[in-house]
Amino acid sequence: MAESARSETLDRPAPGRQQPAVDAVGVAATVGVAYFLAAQLGLALLKTPDGVAAFWPAAGLAAGAIVALGPTARVPVAIGVVAAGVLANVFAHRNLPASLLLAVCNAGGTLLIGWLIERQHGRDFSLDSLPRVLGFFLAAMISAAVSGLGGVTGYMLFLAPDATPPTIWLHWFVADTLGVAAVAPLVIGIARSRHQPPRPSEVLEGTCILAVLAFASVLGIAGPTGNWFTIMPMVLLLPLLVWPAARCPPVFAAAAVFIVALVLIWSVTFGSGRLGDASIPLSDRLLATQAAVLAVSACSLIIAALFAERRRHEVALSANNALLRTQEEAFRRLLGSLPAAIYTTDKAGRITYCNQAAVDLWGKRPELGNERWSDLWRLHYPDGTSMPLNERPTHIVLHGGCAVRGREALLERPDGTLVPIMPCPAPLIDEQGTIIGVVNMQVDLTERKRTEEALAERDTLLTLASKAARVGGYTLDCTTELVRLSPGLAALYGLPEGSTQLPYANCRALVLPEDLAGLEAGFARVWAENQREYVAQFRIVRVSDGEVRWIETRNLVSYDAGRPARIVGIGIDFTER
């Protein structure tokens, strides 16, 4: 599709750029010759009493050419139509003024249909969607109605027909519309096939079905009516028309329409087959033929457009499904590589997916689509008591629709082993907002619990060591003026057990007044010089017993924009020393 679009872009002249003169002459000559032959065919076919052809294939040929070739071909096509139209009318023994006016009207209708289609559907036009087919028929009728007004004027001024102007206009309108409906789609489809050629299998299948359709049309429509079995090919025409529309690109449906329309017009013109029955008035046979051509054209092109849309949708759906499968596989690989246990369930709670980490955590590989999450493991509260089913996080999400976060639990494996986890279930919701399942990530907390126990043990040992050595640490936030104390320093100052934070002003109150001024002066000097370290000695009064103790403090100062931001230090009781 991308290559086809690129080739169309290369083939189509840029807006505003004129084609070379040789191209214009070639287009005008080619369209003129083809239009003259098609006009001769229309004039050779049956005429209505007012002299208007019942079927004007030249209009369809010109309209198809101007739609297929684009705006740059409008002038050459119009010149070819006018020249060929004048020549064809002169050959039909019409005077020169009438021939010229009728030819100009035909060219005007061709230009109008090209302009209408481009305005509504753009330059890259094809009959592969229902809106485009309907727009094509609407443009054909509008152009036929407008050009018919000029045609009536030419007939009334220069040909003096016996029919009334409304009758002449109606015959012109029907002939032009049928010609465009039967011939123009074939021309547009052939031009389109240059850029998007059908597959060889489609060409073979379409050619075969068109041959069968041509044979059945001649036998059923134009063949002799004396035998009863000749009705059978007529019955078979409908599936033979639907077949290329359903199985092949729209150009084959357009070819089928052209074949059937040609046989119908030929039969009524030369009095062969069922439409040549002289016992039926000519006007009735002509009306039946025109109605049949219009019905065959409309139905076939609409069916072909619907099937073309369906094929495009199937291609797009197939591509989207392939993309979704690729994304799903990549997503599954991603989930499978994660260390956390992840699984999904349907609305009934059956496991639909789980990664290897989940299998390792549970100690069992579930049967996807059959086993429920609640049958694979049991949950306990952190203190070891059993957790009821209605309080388990996955159950809450399935029935409540709200995600559960931050709740720890103990997962009991089939062998009785308890594993500390943190489940994080969330609902799976469809486009209508209905809960269709749960996605859950179970984080194994075993290593974290071991680390927390090791840290707690280390903190305990450090606290005992600091108390025994009469050493403690602290951190001062210079912005909030809050001091965070270690248990050792709190014991050193005689503060109540469990004291972890103290305002800086309260810490200053513990220092003897005669030592406080020197301590603060030292800090001020360090800050003014942006020094990183400071060591000082001072005396305090313990809160618990009022005893005076000597403290040595060692500090590290950090700065922010030249101002002290944070002080980390230790205090050492060296009274005995």
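In what order do the strands of the open sheet of six strands lie? Select S1 to S6: the order is S2-S1-S6-S5-S4-S3, and the pairing is antiparallel. Strands here (E, at least two residues) and helices (H or I, at least four) are DSSP runs, numbered from the N terminus, and two strands pair if DSSP finds at least two bridges between them.

Before going on, note that this is a predicted model, in which local features need pLDDT of at least 70 and side-chain atom pairs count only at pLDDT 80 or more, while totals for chains, interfaces and linings use all residues. Residues are numbered from 1 along each chain as its sequence is written, and side-chain values use heavy atoms, with hydrogens and water left out.

**Stop 1: the six-stranded sheet**

Colour 351-354 and 378-380. These are S2 and S3, the edge strands, and each pairs on one side only. From one strand to the next the twist averages 35°; angles run from 0 to 180 degrees between N-to-C directions, and axes are lines fitted to C-alpha atoms, for helices over the stretch in contact. Now add S4, residues 409-412, which pairs with S3 in the antiparallel sense over three bridges. Show Leu379 and Leu411 as sticks: Leu379 stands opposite Leu411 in S4.

**Stop 2: two hairpins**

Select S10, residues 533-541, together with S11; nine bridges join these antiparallel strands. Val535 stands opposite Arg554 in S11. Six residues lie between the strands of this hairpin, and Gly546 takes a positive phi near 75°.

Keep S11 and add S12. This antiparallel pair is joined by 10 bridges. The hairpin of S11 and S12 has two residues between the strands, and Ala561 in the turn has a positive phi of about 60°. Asp560 stands opposite Arg563 in S12.

**Stop 3: the largest cavity**

Stay with S11 and S12, and add 471-477, 482-485, 504-510 and 513-528. The elements that give two or more residues to the lining of the largest cavity are S7, S8, H16, H17, S11 and S12. A cavity is, on a 1 Å grid over the protein atoms alone, a set of points where a 1.4 Å probe fits but cannot get out; a pocket is an open set with protein on both sides within 12 Å along at least five of seven lines, and lining residues have an atom within 4 Å of a point. Grid points are joined across faces, edges and corners, and a volume is the space filled by probe spheres set on the points.

The structure holds five cavities of 30 Å³ or more, and about 340 Å³ of space lies in the largest. Its lining has 22 residues, of which Tyr474, Tyr493, Tyr504, Cys507 and Phe538 lie nearest the centre. H16 gives the largest share of this lining, four residues. By class there are 18 nonpolar, three polar and one charged residues, where Ala, Val, Leu, Ile, Met, Phe, Trp, Tyr, Cys and Pro count as nonpolar, Asp, Glu, Lys and Arg as charged, and the others, Gly among them, as polar.

**Stop 4: the second largest cavity**

Move to Val52, Trp56, Arg94, Tyr155 and Trp172. Of the 13 residues that line the second largest cavity, these are the closest to its centre. The volume of this cavity is about 130 Å³. H7 supplies the largest share of its lining, three residues. The lining has eight nonpolar, three polar and two charged residues.

**Stop 5: helix crossings**

Select H5 (96-121) and H6 (130-159). Their axes come within 8 Å and cross at roughly 160°, and H5 and H6 are therefore roughly antiparallel to each other; angles over 145 degrees count as such, those under 35 as roughly parallel, 65 to 115 as roughly perpendicular and the rest as oblique. The crossing is right-handed, meaning that the near helix is turned clockwise from the far one by less than a right angle, with anticlockwise being left-handed.

Next select H3, residues 57-69, with H7: the axes come within 6 Å and cross at roughly 40°. That makes H3 oblique to H7.

**Stop 6: the largest pocket**

Finish at Gln196, Glu202, Pro249, Pro250 and Arg311, which are the closest to the centre of the largest pocket among its 33 lining residues. About 970 Å³ of space lies in this pocket. H11 gives the largest share of the lining, nine residues. By class, the lining has 17 nonpolar, six polar and 10 charged residues.
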